[in-house]
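Got a minute to look around a protein model? Have the sequence and the 3D view open, and we'll take the walk together.

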Amino acid sequence: MAFEIYPPELGEMDVKFSLDPRFIFKNLERMLSPGPVSAVFNVKTSGNFPVSVQSLDSKAGIKFKVEEPVKNGVGTVIGGLCYFVAGLEGGKLQFPLAGLRSAESGGLTCDIPKTMSLIQRREDFRVKAPPDRAFKALIFFAVGKEMIGDIVDVSDNGLQLDLRLGATDMKIGTIWTNCSLERLTAKTAKFDLIIRNVRPSPSEASRIRVGCELHQPTKLNLNEFLSTRSAIQSARLNRRINYWYQDVSWC
């Protein structure tokens, strides 16, 4: 059987891909149980072989089943710099293998990692908006003329909105100025949006999905969008999505 193996991303990792060290074991339990077929990748030799996760234990570590015979045996990777890499629905999960050792039946065991990254496949890293009805986008047109938009997802430099069809001009290239994100009494700094794509809503014929990108953003705009996206992602991964706003810079 042929297994698809992904090489690890080496070097300094963008902080937006890192998972909170406090919740690594809980995330491993959620992502790898039952364990998908993954791989051990030797950084020095670029050698690799497929493995699946047999068991997880906070003290005993992670036990792997080797899915294909390894040339010269699994002992050849012990002591070298190796990564565990798994292609999951949410992206590529990877972490360096510490304490790698042989186990019974030709398997391998390693310690629970202290650092772990989930690298999203899309270049534009987007997260689904939290189920928080107080979290909205305020689209400003003129004094006394504003529109509230339901947020579908957020990235570091834009967002997707769910809007009422025909509420305003929604042509690609249209620029909306002086917009903001808000939650209850908290608001971001004003920012401008440019419409990049428009498509029908998948659920209601009377609504439309509008993909927007920050237009000539300030450093503060970028920082606030990064903070928002990062807080939602972290809260969802750590099962605290109802409290996502606690780590947002502008809330």
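Below we go through the aromatic rings, then the cysteines, then a pocket.

Keep in mind as you look that this is a predicted model. Let's begin with the rings, where you can find six aromatic pairs. Take F64 and F84: their ring centres are 5.4 Å apart and the planes meet at 20°, so this pair counts as stacked. F64 belongs to strand β3 (residues 61-66) and F84 to strand β4 (residues 82-88), so the pair ties together parts that sit 20 residues apart in sequence. Are these two rings buried or exposed? F64 has 0% relative accessibility, so it counts as buried, and F84, also at 0%, counts as buried too.

Now hop over to F135 and W244, another aromatic pair, this time a tilted one, with 4.7 Å from centre to centre and 55° between the planes. F135 is in strand β10, while W244 is in the segment after α2 (219-237), so here the pair ties together parts 109 residues apart in sequence. Both of these residues are buried. They also have company: F135, W244, Y245 and W250 make up one aromatic cluster. And Y245 has a charged visitor, since the charged end of R183 sits over its ring, 3.8 Å from the centre.

Next, the cysteines. How many disulfides are there? The count is zero. Look at C82, which is in no disulfide; the nearest cysteine sulfur, the one in C110, is 10 Å away. Why is there no bond for C110? Its closest cysteine sulfur is that of C82, and 10 Å is too far for a bond, because a disulfide needs the two sulfur atoms within 2.5 Å. As for their surroundings, C82 counts as buried because its relative accessibility is 1%, and C110 counts as buried because its value is 0%.

Last stop: the second largest pocket, with a volume of about 380 Å³. It is lined by 18 residues, and the closest to its centre are P130, D150, I151, V152 and D162. Which strands help build the lining? β10 (135-142), β11 (145-155) and β16 (207-214) each give at least two residues. The largest share, three residues, comes from β11. You've met β10 already, as the strand that holds F135. Sort the pocket's lining by class and you get ten charged, six nonpolar and two polar residues.

Key:
Residues numbered from 1 in each chain as written. Predicted model: local features only at pLDDT ≥ 70, side-chain atom pairs only at ≥ 80, totals over all residues. Heavy atoms only, no water. 1 Å grid on protein atoms, 1.4 Å probe; cavity = no way out; pocket = protein on both sides within 12 Å on 5 of 7 lines; lining within 4 Å. Points joined across faces, edges and corners; volume = space filled by probe spheres on them. Helix = DSSP H or I, 4+ residues; strand = E, 2+ residues; numbered from the N terminus. Nonpolar A, V, L, I, M, F, W, Y, C, P; charged D, E, K, R; others polar. Buried < 20%, exposed > 50% of the residue type's maximum accessible area, 1.4 Å probe, protein only. Phe/Tyr/Trp six-rings, centres within 6.5 Å; stacked < 30°, edge-to-face > 60°. Lys NZ or Arg CZ within 6 Å of the ring centre and 35° of its normal.
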